[in-house]
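Visitor: I am new here and would like to know how the words used for a structure are earned. Could you show me around?

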Amino acid sequence: MSPLLELSRVSVAIGKVALLDRISLSVEPGRILGLVGESGSGKSLTAMAAIGLLPLIGGRVTEGEVRFAGRDIAAMSEAERRALRGRRIGFVTQNPMTALDPVQRIGGQVDIVSRMHLRLTKTAARARTLDLLTQLRIPDAAAVVDAYPHQLSGGMKQRIVIAMALAGEPELIIADEPTTALDVTVQAQIIQILGALVRDRGLALLLITHDMGVIAQICDRVAVLYCGRLAEEGPVGPIFAAPAHPYTAALIDCIPQEGTARGSLRGIPGAVPSALAFSTGCRFHPRCRRATGLCQDSAPPLLPRDAGSVACHHAGAAP
Amino acid sequence: MLPWLIRRVLMLVPVFLAVSVVIFSILHFLPGDPIDNLLKVGSPASARAKMEARYGLDRPLPVQYGIWLGKVLQGDLGTAIVARRPVAELIAQAMPHSLRLGGLALLFSSVVGVTLGIIAALWRDRWPDRAIMGGVLVGSTMPNFWLGLILMLVFSVWMGWFPVSGARGWNSLVLPVLTIGLGGTALVTRITRVAMIEAVRQDFVTLLHAKGLPPWRIELLHVLRHALIPVVTILALRIGWILGGAITVEVVFARPGLGTLLIKSLGQHDYPVVQACLLMLAMAVMLGTLLGDVVQAIMDPRVRAAMG
Amino acid sequence: MSAWPAPMRALRWPVGGIAGAWLILIVAAALFAPVLSPYAYDAQALKEAYGSASAAHWLGTDEFGRDLLTRLMYGARTSLSVSATAISLSVACGMVLGAAAAWFGGRFDRAVTVVVDLTWSFPEILIALILVAIIGPGTTGTMIAIAVAYLAQFTRLTRAQIMTLKGETFVEAARSLGAGNTYILLRHLLPNAFAPVLVAAMLATGDAIILEATLGFFGLGAQPPVPSWGGMMSAGSALVFKAPWIIIFPGLAVAATVLAINLYGDALIAELDIRSKLRGAG
Amino acid sequence: MTGPLLRIEGLTKRFHSGGGLFSRERAMIAVRDVSLEIARGEVLGVVGESGCGKSTLARLILRLIEATNGRIVFDGTELTALPASALRAMRKRMAMVFQDPYSSLDPRFTLARVLAEPFRVQSRAMPPDAVAAMLAAVGLPETLATSYPHQLSGGQRQRVGIARALALRPDFVVLDEPTASLDVSIQAQIIALLADLRDKMGLTYLFISHDLGLVRYFCDRIVVMYLGSVVEVLPDTKAAPRHPYTDALMRSGFAPDPARRREIAPLGGEIPSPFALPAGCAFTTRCAFASDRCRSERPVLSQDPAHPVACFHPL
């Protein structure tokens, strides 16, 4: 199937600082691509690039193309891009506490999407909103539409945000750390909802997270980002079973799970550098156990490997 | 909201009492004695005592306060010692001039300030922003009375567009309103700009863009509405500020308002008039804060929720 | 980032530098007025009265033929020293009061807050006018009046700073190590509250110069023949149509000085990165 | 010496909010009747979601906030009865590491000054080279001593926070979500460091976290809290949950292993407001097993020393 969203060798800068370096990704309908990385890796920037909202944060695409349904969004008019946002691409932000306009009622904030994009009347839009909220298992939806955001819990607000993302009947949803700000029991609920949407409606989902557990639970493919570059990309099964990039392996090993022996977690030495101090060569080399002089001198290219691709001079070598 | 409003208004009662005590007692610290102004040089002591008794100045202070407050509450502000007319009459004469000037200055600074603030925020860090903020800053560094005199010199004397002073006709208001308004505009512009810029940075604005809403709609219906909450609050809180500007400007343009009355009666040590003027200004300030709270509650559901 | 302290970095060209240069110039002119000017501030020369700018009198003369530039320099002495002293006084009292309110909390805090909020909503000019009327006109009266007029602002600001800082984890951490109240107040709270209050004080000095001029305009400031910018404008206001320069130049001096203070203050705020801390301080 | 290092009995904290003219006064019980013992050398985990009272509990134990009710006995001394001066001296033996590495260091202090603070407030002479030694102990180079906190990464700051806590060689350290604001790669570093330090210095930890997986990895015994109450104490890391809430917590975490995907059965219902808890068990609104009894009667923690649980229908 042809991809719905495709980033090919996209570089992004804010001001003079280059933050993303030739990122390539694609998401197909009915599939979930997980984009994983630590803070400062450029995950959210990738999301903003994908939806064409980089100018909001003062950023711009310096290289490469973002294509939606085969069309380069940079070649579209702003009106065309706006017609994509909310209509064909739904967006879910990280912090539900601040994602809703605090001085407007819930109902109106959801209604506007279908009124604007689907040209529904006021009453039809409201009926659709109530329907969506009920589908997302929001109790007492009729009362919730008249509430203000501060009256709802975090998990409830995140479901409202998801309802807004769904209201335009999109084909793609971009969710930027949708569960980071939530408690674990609520996170499970939101992850289940997102998984069900993809399964039942055949949506494409770009799920951005720092949690390898979430990736393992629902994603089909995963892309691992480090300091603005792709480290590894491919189907979830093989990558978790035998990660080719040492960073991927280390990230997975950072999470304690049942059976992890006490004292076996050591983490990754060092810290993610700021964008002004990215290393030469492979950006991960100062923290990498396998690093050699080669890694210090030259950046490894992203090369195909099995069903995915990896950027490491020592890909797959025994750890 | 109504019970809250009632409580909020009732809150003003102790504040009013406190302010009235302060205003009443301040006046008794003032040096100089109005009686001196009234007595002929060399009058006998008995004439002074008679005069003091006539104005109630021979009683103990708390009693004087009680009597004064009781009368004030009935609308009797006493008799002006120098002008020898009921103070209420003087106030009633001066008040419309001050209200007109203050109201127009407030309107001017709100409208112009909010507009400039929006423009500056939308073109942040580019030349319109720099020009507006620079202009506003320069405007706020000039003393009010000086600006008034310079405007008068240029537009009334050299150009002859407006009357030099006085309060006859609407065109006599233009320069005073401009003079006061420029100071207020600086305040409003700055707050609006910062509030807009901060509102734009909020997550929900990103999400509004992600919903595909047209930018004008986002700026006007969401960002501006959000940004106006602090603007209105501070504007209401600082109504007194604008009135303060009015005091000096009234004097400069010789407008017969409260400010002129206050300055004149201060100079003449005319207690009852000073008291009444201060009381009026204090009431305006208190009503301003009340108004600010109410408007804030109307604009922000979170504030309403906090009221219970 | 650089090794220079923030007050030096704020002098960065062009805006901070020009502002700084003007402030240095005006302070120097005030300090060295007797050396710089061939005239005495009260030397009358009625023959030369109402003279406009000339080689002998660069800015012209006033109604008594006194040299305007000389009087401006001497006026700077009065205006700057009165404003700066008043604000220092105000900051000192405001910091003590605000810190005490935030620190002790309870009824004391509530009482201070109510009084301060109420006075804060009154225009400074009104408060100052009444106070000068009580104390009597002159430099001392003006100084005290201005100090009291700004007291509310600094009390509010200090209180807000300390309240925020009290909630910081590093204060809790110090407490968990066994630190006592005095230690926390002196080592953590006040030092951190200092920078924003000091910058606010600097900006307020600009406002105080205007206030001082306004009081002078009403004839309540420094009494003649001692020149002050406000006093010069007071005398000039009656002559504005006859000899406008008498009032124009002192006003320009006020405006330029206040502008320079604001521009330098802005640069300093940016260097110290404390803009958000000053918000809502009025 | 025998007996637990720390024993708390019936610890309760009630918070009041509002009141006055402008809002109704509301009361919430942040911590309700908590009794615990911590043995010497033990790592006791406290796990729960936001608003469960775990951080309040930590501060109550160190008397950074005062309890409404209950006793705290530390190594035979009742802290709750200690006058302020004696308590301050006692703080040498107890320390805390905070969640937020950004605000837990005074921005105006150099690291050397941060690390000297414990000595200074306890009026103890600081041995020469102490700063270098403390930095080395947490894996930081000596050269950082003259740096300011803003020049450090989050992980480095948290190491400084740990060094400060351990400066006076305490017996007992409360770790309040020390890794919650850090990236996973740094989290694992910090946990490894904490484990090493415990072995070297014979420390006793109270480890507070929202991450059950992490707690099960790091702790010996686990206390599970929900809306202010202890609902279960897992005697070891392998113990199967008996409280439905603990069970839900375990089922909510995802293993980083696609081969172990599971059907998500999220909790239904809504979390009640802490200001308006149900009369019975606080978990009834979300519990699949809730009965009428659960709704009307509050279950207490069973006295079963092997595996205490506060539930009428344990699994």
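Guide: Gladly! Let us begin with a term: a residue is buried under 20% relative accessible area, exposed over 50%, and partly exposed in between, with a 1.4 Å probe and protein chains only. This is a predicted model, in which local features need pLDDT of at least 70, side-chain atom pairs count only at pLDDT 80 or more, and totals for chains, interfaces and linings use all residues. Residues are numbered from 1 along each chain as its sequence is written, chains are lettered from A and ligands numbered from 1 in the order in which they are written, and side-chain values use heavy atoms, with hydrogens and water left out.

Visitor: Why is Asp125(B) called partly exposed?

Guide: Its relative accessible area is 45%, and partly exposed lies between the two cut-offs, so Asp125(B) earns the name. Asp125(B) sits in the loop between helix H5 (87-122) and helix H6 (127-140) of chain B, and has a positive phi of about 60° although it is not a glycine.

Visitor: And why is Arg9(A) called partly exposed?

Guide: Arg9(A) has a relative accessible area of 48%, so the term fits here too. Arg9(A) belongs to strand S1 (residues 5-14) of chain A; helices (H or I, at least four residues) and strands (E, at least two) are DSSP runs, numbered from the N terminus. Its phi is positive, about 45°, although Arg9(A) is not a glycine.

Visitor: What makes Arg262(A) and Asp220(D) a salt bridge?

Guide: The rule asks for a side-chain nitrogen of Lys or Arg within 4 Å of a carboxyl oxygen of Asp or Glu. The closest N and O atoms of Arg262(A) and Asp220(D) are 3.1 Å apart, so the pair qualifies. Across the interface of chain D and chain A, the rule finds three salt bridges.

Visitor: Which residues take part in the contact between these chains, by count?

Guide: There are 38 residues from chain D and 47 residues from chain A, where contact means heavy atoms within 4.5 Å.

Visitor: What is meant by the area buried between chain D and chain A?

Guide: Buried area is the accessible area (1.4 Å probe) that two parts lose on being put together, summed over both. Here that comes to about 3,500 Å², with carbon and sulfur atoms giving 53%. Tyr217(D), Phe254(D) and Pro256(D) supply 22% of the area that chain D buries against chain A, more than any other three residues.
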